[in-house]
Amino acid sequence: QVQLVESGGGLVQAGGSLRLSCAASRRTFSSRTMGWFRQAPGKERDFVAAISWNGDRNYADSVKGRFTISRDNAKNTVYLQMNSLKPEDTAVYSCAASKYPPTPATMTGMRYEYDYWGQGTQVTVSS
């Protein structure tokens, strides 16, 4: 079982930055792809970014150039640095850990490839 706890959300003005963290409970974290997803009110959960066990990254087009995903396997933690935030980035952000062993589909954000999910952290961007 892998437990995930997100932190770092909050209220920020457009153009501002936030850094989200996701702490995992087990060492098997380092062998899994980790992803960030977001869900705005009334919308489906969307893929934001993913990072493989060896550091490969993939981003949704809507956040490329603004968001950066990273991981620290020694701390069992994955991060999402969000810059140049826009009101349309407002959502609940959740991290997820992939099935093991991870498949290439995890890098494109296929939700069925992720076994474990955090509770989420609210990000609100004011205009």
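Reader: What pattern does the protein chain follow along the sequence?
Author: Read from start to end, the protein chain goes β-β-β-β-β-β-β-β-β-β-β. There are 11 strands and zero helices, where strands (E, at least two residues) and helices (H or I, at least four) are DSSP runs numbered from the N terminus. Bear in mind that this is a predicted model, where local features need pLDDT of at least 70, side-chain atom pairs count only at pLDDT 80 or more, and totals for chains, interfaces and linings use all residues. Residues are numbered from 1 along each chain as its sequence is written, and side-chain values use heavy atoms, leaving out hydrogens and water.

Reader: OK, and what's the radius of gyration of the protein chain?
Author: The radius of gyration, taken over C-alpha atoms, is 13 Å, close to the 14 Å that the globule rule gives for 127 residues, so the chain is as compact as a globular protein of that length. That rule is 2.2 Å times the number of residues to the power 0.38.

Reader: Switching to Tyr114: buried or exposed?
Author: Tyr114 counts as buried because its relative accessibility is 4%; buried means under 20% relative accessible area, exposed over 50%, partly exposed in between (1.4 Å probe, protein chains only).

Reader: Where is the place of Tyr114, and what does Tyr114 touch?
Author: Tyr114 is in strand 10, residues 114–117. Not counting residues up to four places away in sequence, Tyr114 touches several residues, among them Met34, Phe37, Ala50 and Lys99, with contact meaning heavy atoms within 4.5 Å.

Reader: And how far are the C-alpha atoms of Tyr114 and Arg32 separated?
Author: By 9.4 Å, with the two residues 82 apart along the chain.
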